[in-house]
Amino acid sequence: FITMPSNRQKIHNAYQHCLSITQNHYENFPVASKLLNKQLRLPISAVYAFARSADDFADEGNLNQLQRLDQLNEYIAELDAITKLLTQKADSSDSFYYQSNNLIFIALADTLYRYQIPVTLFYDLLSAFKQDVTTSRYKTFAEILDYCRLSANPVGRILLYLNKSATEENLKLSDAICSALQLINFYQDIAQDMDENNRLYLPLDEMQPLAITENTIRQRINNKQTQQLLVKQLQRTKKIYNSGKPLCRKLSGRFALEIRMIYTGGQIILDKLEQNTTNIYLRPRLTSLDKFNIIRHGLFFS
């Protein structure tokens, strides 16, 4: 007789699959690192595997726009099915298991069930990835900030739910940090985003009065106008980032250490961008001293 794996074993296998995805991808900031409590590494890996794979649908390979959207819509269908099952199990004492051909969703469904994370946050992420496929220019800063609301803020909120620290105040502070981190990422990759994906995350209505065009960015022209534009973006981002800083003091334990390190890493990149506005296309690099300071500020945050 062939012994079929139990649902518990299938869930375990699904989490291991997600953990493998997490460990084999490079990221700027620590993801499901060993700093976190062991119990959080697997659910964070499930979240990361979902986001990483969906992001790849939007960016990687040679698929056309329709094919990319079809793949993302398949993920939406999986979320719909999970939402339906979660609703059915809300008042049930039965064990929870979501059956899928995609191991990522078996693990993700278990994470959603165990930690009571709002599924809407994952729909928001998929909306952002679909926007990556369909939108490459933004008329106003408000439109860019709304993209950040979908692409970045859900990540911080999910982490807070996993850590059981998702108070209204913490969620608001997290939104500020995550939106600013997304903006910092845009400003350190201005040339790369344009060259590789034909995307521009600078508000067109602020470029026009300075006579900055898409060709200005494509040709990597540095002048007083481009410097003035970047300074304005950085000043605005710094204000948003600083408004979220109290979150780093409100958390505790290993989770706080991880968040403080992420915050410090973003602060260092932002500082480097501010110090080098003469070349808006130069990507900041973290030095060994920077990495030491990230750890130091994680341990002794001020």
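A residue is called buried when its relative accessible area is under 20%, exposed when it is over 50%, and partly exposed in between, using a 1.4 Å probe and protein chains only. With that scale in hand, arginine 220 is partly exposed, because its relative accessible area is 42%.

Before going further, a word on the model. It is predicted, so local features need pLDDT of at least 70 and side-chain atom pairs count only at pLDDT 80 or more, while totals for chains, interfaces and linings use all residues. Residues are numbered from 1 along each chain as its sequence is written, and side-chain values use heavy atoms, leaving out hydrogens and water.

Let us start with the whole protein. Its secondary structure consists of 15 helices and zero strands; helices (H or I, at least four residues) and strands (E, at least two) are DSSP runs numbered from the N terminus. The radius of gyration is 20 Å, close to the 19 Å that the globule rule gives for 302 residues, so the protein is as compact as a globular protein of that length. That radius is taken over C-alpha atoms, and the globule rule is 2.2 Å times the number of residues to the power 0.38. Along its principal axes, the C-alpha trace spans about 75 × 50 × 35 Å.

Of the 302 residues, 49% are buried. The protein exposes about 15700 Å², and carbon and sulfur atoms supply 50% of this area; accessible areas come from the Shrake-Rupley method with a 1.4 Å probe, and for residues only the protein chains shown count as cover. Contacts, meaning heavy atoms within 4.5 Å, also tell us about the fold. Among those between residues at least 6 apart in sequence, 72% join residues at least 24 apart.

Now to the inside. A nonpolar core is a set of buried Ala, Val, Leu, Ile, Met, Phe, Trp, Tyr and Cys residues joined through side-chain atoms within 4.5 Å. The largest one here has 91 residues, and those with the most contacts inside it are Phe50, Phe122, Tyr187 and Ile217. Helix H2 (residues 38-59) gives this core its largest share, 11 residues. Take isoleucine 217 as a guide: leaving aside residues up to four places away in sequence, it touches Ile190, Met194, Leu200, Leu202, Met207, Ile212 and Tyr281.

Two of those partners, Ile190 and Met194, bring us to helix H9, where they are buried together with Ala191 and Asp193. What covers the buried residues of H9? The cover includes helix H8 (168-188), H11 and H12. Aspartate 193 counts as buried because its relative accessibility is 14%. Beyond residues up to four places away in sequence, aspartate 193 touches Phe186, Asn198, Arg199 and Tyr201. Its C-alpha is separated by 25 Å from that of serine 174, which is 19 residues away along the chain.

One of those contacts, asparagine 198, sits in the loop between helix H9 (190-197) and helix H10 (204-207). It is partly exposed, since its relative accessible area is 33%. Most residues other than glycine have a negative phi. Asparagine 198 has a positive phi, near 55°. Arginine 220 also has a positive phi near 55°, and it lies in the loop between helix H11 (214-218) and helix H12 (224-244).

Elsewhere along the chain, aspartate 124 is placed in helix H5 (residues 120-134) and is partly exposed, with a relative accessible area of 22%. Leaving out residues up to four places away in sequence, aspartate 124 touches Leu150 and Pro154. Aspartate 124 and arginine 149 are 25 residues apart in sequence and 8.2 Å apart in space, C-alpha to C-alpha.

Finally, look at the N-terminal helix H1 (residues 7-23), which holds asparagine 13. Asparagine 13 is partly exposed, with a relative accessible area of 36%. It lies 12 Å from asparagine 102, C-alpha to C-alpha, with their positions 89 residues apart in sequence. Glutamine 99 is found in the loop between helix H3 (65-89) and helix H4 (103-115). Is this glutamine 99 buried or exposed? It is exposed, because its relative accessible area is 66%. Glutamine 99 is 8.9 Å from asparagine 7, C-alpha to C-alpha, although the two are 92 residues apart in sequence.
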